[in-house]
Amino acid sequence: MADDGMAINQPADGVLGRVSDLLFRRPGLLLAILLGPPLIWIGVVYVGSLVALLVQSFYSIDEFSGRIVREFTLKTYAELLRPSNLDIVLRTVLMAASVTLASALIAFPIAFYAARFARGWIKGLFFIAVMLPLWSSYLVRVYAWKLILANEGVLNWSVERVGLTPLVDALLSMPVIGGPSLSFSYIGTFLVFVYLWLPFMILPIQAALERVPGSMLEASDDLGARPGQTFRKVIFPLALPGIVAGSIFTFSLTLGDYIAPQIVGSSRLFIGQAVYMHQGTAGNLPMAAAFSMVPIVVMAIYLWIAKKMGAFNAL
Amino acid sequence: MRFRKSRSGAPLKLKIGAVAGLLFLHLPLLLIFLYAFTTEEKSYQFPPPDYTLKWFAVVWDRQDIWDAFGLSLKIALIATGAAIVLGTLAAGAVARTRFFGRETVSLLIILPIALPGVVTGIALRSAFDIADIPFSFWTIVLGHATFCVVVVYNNAVARLRRTSPSLLEASLDLGANGFQTFRHVLLPNLATALLAGGMLAFALSFDEVIVTTFTAGQQTTLPIWMLSELVRPRQRPVTNVVAVFVVIITFLPILMAYYFTRGGEATAGQGK
Amino acid sequence: MPTTVRKPMYDTEKDEVSPDPAEQVSAVELSGVSRHFGTVKAVDQVNLDIPEGEFFGMLGPSGSGKTTCLRLIAGFEQPTAGHLKIFGDMVDGLPPYRRAVNTVFQDYALFPHMNVIDNVAYALTVRGVGRHQRHRQAMEMLELVRLGGFAKRQPAQLSGGQRQRVALARALIGKPKVLLLDEPLGALDLKLREQMQVELKSLQRELGITFVFVTHDQGEALSMSDRVAVFNQGQVVQVGTPEDIYERPEHRFVADFVGSSNILEPELCQRIGAPEGVWSLRPEKIHLADQSVSREDGVVTVSATISHVQYQGSVRRCVLSVAGHSLSLSVPSAVGGLATGQSVYARWNLDDMHRMVP
């Protein structure tokens with residue numbers, strides 16, 4: 001120990017000690033060891049896959065042999081621009097937009113209450129109450145709506161009880177969004193999406209609202225603003241980054257989803273389904289890849305706009 | 001409705017709106033529970049004609065369900081393990097040191113969960129195709145581990161940021177080398193965060209279906225089994241019973257993860 | 001000594017009280033030590049020589065480099081230039097766990113997941129000392145800091161003062177040759193602070209090891225240290241005993257930072273007939289007289305006008321205007337009849353003036 005008059009400790013730790021000394025002298029080496037494995041993994045596996053995806057979208061499929069032709073071509077993208085395919089894209093984007101809007105509307109009261117009025121254990125309860133559906137099984141949640149929306153299911157049953165059947169029928173007979181039944185219509189798909197992504201919208205809005213000091217609202221009150229004005233001029237602008245942050249999730253998730261429309265929806269395709277279908281039995285990977293570029297590009301643009309609006313601070 | 005923080009609490013309309021929203025979130029799941037006990041086999045009739053426990057027994061005897069469950073479990077465990085190791089390493093690098101490209105690294109790690117599952121799935125599929133890798137157990141694990149890393153990473157980073165640097169310095173100062181410091185000081189402080197991250201990663205992997213369908217080939221995980229049942233239903237209550245169990249299996253880790261990380265700034269789950 | 005291009009702002013060589021080189025090796029020696037962070041010079045060519053057994057204070061405002069110096073000694077930073085020796089051994093590049101130096105941190109840094117006795121015994125745990133023995137030694141240390149009954153408590157259950165004592169015990173158990181303390185009394189309230197000052201002093205005397213502490217509180221530095229190094233902008237301005245620093249400041253900065261001082265500029269000296277140069281004059285050395293007393297050798301007498309009087313409880317602070325310059329002094333409150341605009345005479349001994357570097 002230090003009794004021998006030396007300034008230097010030499011604890012008996014052998015190899016590990018020497019390695020530790022080395023890493024101490026060379027912090028760069030330590031960083032490389034820490035960062036190496038995850039980066040290699042993400043870099044090779046994930047980024048590599050994304051590159052592979054991009055590459056695939058420039059390949060094409062030979063219609064006769066069904067094999068992938070590994071030569072650079074824009075044929076696949078040209079296919080993508082065909083009206084039937086563009087329809088799919090448009091359909092998906094419109095659905096994403098309406099889902100985003102609806103979830104923002106429904107999420108806001110919940111987020112507002114949780115941010116401004118929930119205290120103590122109620123706050124924790126709210127948090128768990130929002131988190132649980134978020135993390136519990138995606139498939140089960142979609143399935144739940146199949147149950148609910150089935151013709152013999154609970155929604156129709158309650159509608160009949162309350163006498164609102166004509167309303168539902170009217171909705172279903174509407175040109176685009178209607179269908180033979182709730183579970184085979186865009187309305188059904190819409191409901192499922194809103195349900196699925198609602199927690200993603202609640203949490204960022206709540207976070208953004210929590211950052212609004214209560215004194216600001218009271219000041220607005222003091223200065224004579226009516227509640228509506230306070231909302232429009234103070235609360236809403238401050239909550240907006242949170243709304244945009246939440247919308248990133250709802251938009252992105254809707255763009256890519258292929259299971260919900262398959263289980264609850266019309267037989268017309270969404271982007272996700274198109275991707276799945278093409279890569280499946282058809283083996284048309286290039287087409288699937290080209291289709292999947294659409295959400296990526298759309299989200300890239302969306303994220304760029306969101307960043308400009310400061311949404312990333314709310315995440 | 002005034003916005004003053006009154007002692008009487010929130011205005012009634014707001015309270016109703018908030019509660020209604022929460023009910024909207026939770027009722028569907030409760031309905032699944034209800035349907036697991038129905039006697040009606042061929043449809044989703046509401047209200048259920050009668051109640052029974054027999055479907056639980058039926059599920060118990062179904063080997064295909066047990067196989068799928070076992071596969072999901074194995075995948076989830078291995079993917080979680082890999083995620084914990086990789087996530088902790090990355091967090092260790094990013095949380096403290098400032099280095100060139102740090103923001104990029106953070107972004108890269110978050111990317112697998114930020115991009116839609118379909119993109120991750122088809123990207124992996126494209127890669128396997130170009131590299132001529134056949135589908136297998138390991139292709140599934142590869143996909144799962146990749147997006148599970150970020151969950152552990154977020155929890156680890158949050159915990160590391162809350163750990164005072166002087167704790168590590170104190171340990172070094174008192175004679176512990178880097179490895180001893182990790183073992184005696186850093187790891188105990190990280191333990192619950194890693195546990196929470198691990199549980200979330202487990203739940204995430206166990207439930208994952210989108211990426212899995214792209215990377216699975218002939219393998220059937222429990223979600224894949226469920227998906228095929230949803231598209232072509234055979235015995236609906238059987239599916240409901242399985243659904244109930246899936247909910248419980250993903251429910252418990254979330255609760256535990258929340259319990260482990262509450263009281264901190266970043267509570268588990270916010271990374272999703 | 002450094003032969004670098006840039007001359008240090010302050011030349012401190014002549015202030016060092018160097019022990020007889022033949023007799024013993026300094027506990028801590030810094031030669032030309034610099035620590036740069038990019039373009040920022042946190043520590044700039046510092047030379048320090050701390051003999052064994054000294055209670056050494058490093059005083060300065062925030063950002064002056066004193067804490068960085070402490071961390072250099074401890075091993076958490078490595079010098080960009082210069083050398084560090086501890087008891088004659090070069091420690092450059094040596095990690096903290098290989099130096100016989102331990103630190104008491106400003107926030108105490110007690111391990112939250114261990115109880116008090118495990119915290120204290122930590123240095124022994126990592127050396128592989130058996131449980132029974134290290135607990136025994138830890139209890140001894142706890143008795144030393146008078147926390148014997150707290151062994152099983154958790155750090156979160158302790159008060160600030162108690163945590164500090166645990167941190168002390170923990171740092172001392174490994175029998176370090178040098179103990180470093182980073183702003184040890186900053187977080188304590190006044191009463192506790194005064195008590196700890198006495199306790200730390202007696203502890204150090206009892207143990208006989210070198211203590212080096214950092215503070216921005218000049219009162220603390222003056223009352224506890226055997227010698228003080230005053231830091232400013234990364235450099236050591238002056239090193240000396242507390243009395244040296246206070247009575248004989250070499251530079252404006254020291255005169256200003258340590259206590260308050262009047263600085264007599266050359267032109268004022270000229271006007272009042274004082275010798276040439278820049279002088280520091282402590283306020284308490286100035287006395288008021290109401291008429292010109294006969295001239296005395298070695299006494300400076302000037303006529304002045306009171307420009308400001310401030311009641312401060314036990315004293316009144318007076319600001320005088322002398323030939324366009326201000327002089328500050330304190331008078332006991334019992335002295336009455338001071339009014340703004342009043343003409344008075346101020347006098348002080350020549351010897352009480354201290355020449356500073358211009």
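In this predicted model, B:S166 sits in helix α7 of chain B. With a relative accessibility of just 8%, B:S166 falls under the 20% cut-off and therefore counts as buried. Its side chain makes a polar contact of 2.7 Å with the side chain of B:S164. Setting aside residues up to four places away in sequence, B:S166 also reaches across to another chain, touching C:F105, C:D107 and C:A109.

Helix α7 of chain B turns up again in the lining of the second largest pocket, where the elements giving two or more residues are α1 (14-25) and α2 (27-57) of chain A together with α3 (63-95), α7 (165-173) and α8 (178-207) of chain B. This pocket comes out at a volume of about 1,700 Å³. Its lining runs to 35 residues, and those closest to the centre are A:F24, A:L30, B:R96, B:L168 and B:L172. The largest share of the lining, six residues, is supplied by α8(B). Sorted by class, the lining breaks down into 19 nonpolar, nine polar and seven charged residues.

As for chain B as a whole, the count is 11 helices and zero strands, so to speak a run of α-α-α-α-α-α-α-α-α-α-α when read along the sequence. Taken along the principal axes, its C-alpha atoms fill a box of roughly 70 × 65 × 30 Å. Chain B has 272 residues, and buried ones make up 56% of them. Of the contacts in chain B with a separation of 6 or more, 71% are between residues 24 or more positions apart.

Over in chain A, two helices are worth a look. The helix numbered α7 in this chain covers residues 154-162, and its buried residues are A:V154, A:N156 and A:V159. The cover over these buried residues includes α6 (138-149) and α8 (165-172) of chain A, along with α1 (12-35) of chain B. After α7(A) comes A:G163, which has a positive phi, near 85 degrees.

The other helix is α11 of chain A (residues 227-256), which is home to A:T254. A:T254 has 0% relative accessibility, which means that this threonine counts as buried. A polar atom of the A:T254 side chain lies 2.5 Å from the backbone oxygen of A:T250. An α-helix has 3.6 residues a turn, so residues three or four places apart point the same way. Beyond four places in sequence, A:T254 touches A:T92, A:M95, A:A96, A:V99, A:F193 and A:W197.

Chain C mixes both kinds of secondary structure, with 10 helices and 18 strands. Its C-alpha trace spans about 80 × 50 × 40 Å along the principal axes. Of its 358 residues, 53% count as buried. Among the chain C contacts between residues at least 6 apart in sequence, 65% join residues at least 24 apart.

One of the buried residues of chain C is C:L168, which has a relative accessible area of 2%. C:L168 belongs to helix α5 (residues 160-172) of chain C. Leaving out neighbours within four places in sequence, the residues in contact with C:L168 are C:V104, C:V145, C:L179, C:L181, C:M196, C:L200 and C:L203. By contrast, C:A42 lies 27 Å from C:L168, C-alpha to C-alpha, with the two positions 126 residues apart in sequence terms.

On confidence, the model scores ipTM 0.80 and pTM 0.79. The average pLDDT of chain C is 87, and 93% of its residues score at least 70. Within this chain, confidence is highest in strand β7 (residues 178-182), at 96, and lowest in helix α10 (residues 266-272), at a mean of 81. Residues 1-7 of chain C have pLDDT below 50, and this stretch has eight contacts in the model beyond near neighbours in sequence. Residues 11-19 of chain C also stay under 50, with 12 contacts beyond four places in sequence. Where pLDDT is low, the predicted coordinates should not be read in detail.

Notes. Residues numbered from 1 in each chain as written. Chains lettered and ligands numbered in written order. Heavy atoms only, no water. 1 Å grid on protein atoms, 1.4 Å probe; cavity = no way out; pocket = protein on both sides within 12 Å on 5 of 7 lines; lining within 4 Å. Points joined across faces, edges and corners; volume = space filled by probe spheres on them. Helix = DSSP H or I, 4+ residues; strand = E, 2+ residues; numbered from the N terminus. Nonpolar A, V, L, I, M, F, W, Y, C, P; charged D, E, K, R; others polar. Buried < 20%, exposed > 50% of the residue type's maximum accessible area, 1.4 Å probe, protein only. Polar contact = N/O pair within 3.5 Å; in protein donor to acceptor, adjacent residues only side chain to side chain. Contact = heavy atoms within 4.5 Å. pLDDT = per-residue confidence, 0-100.
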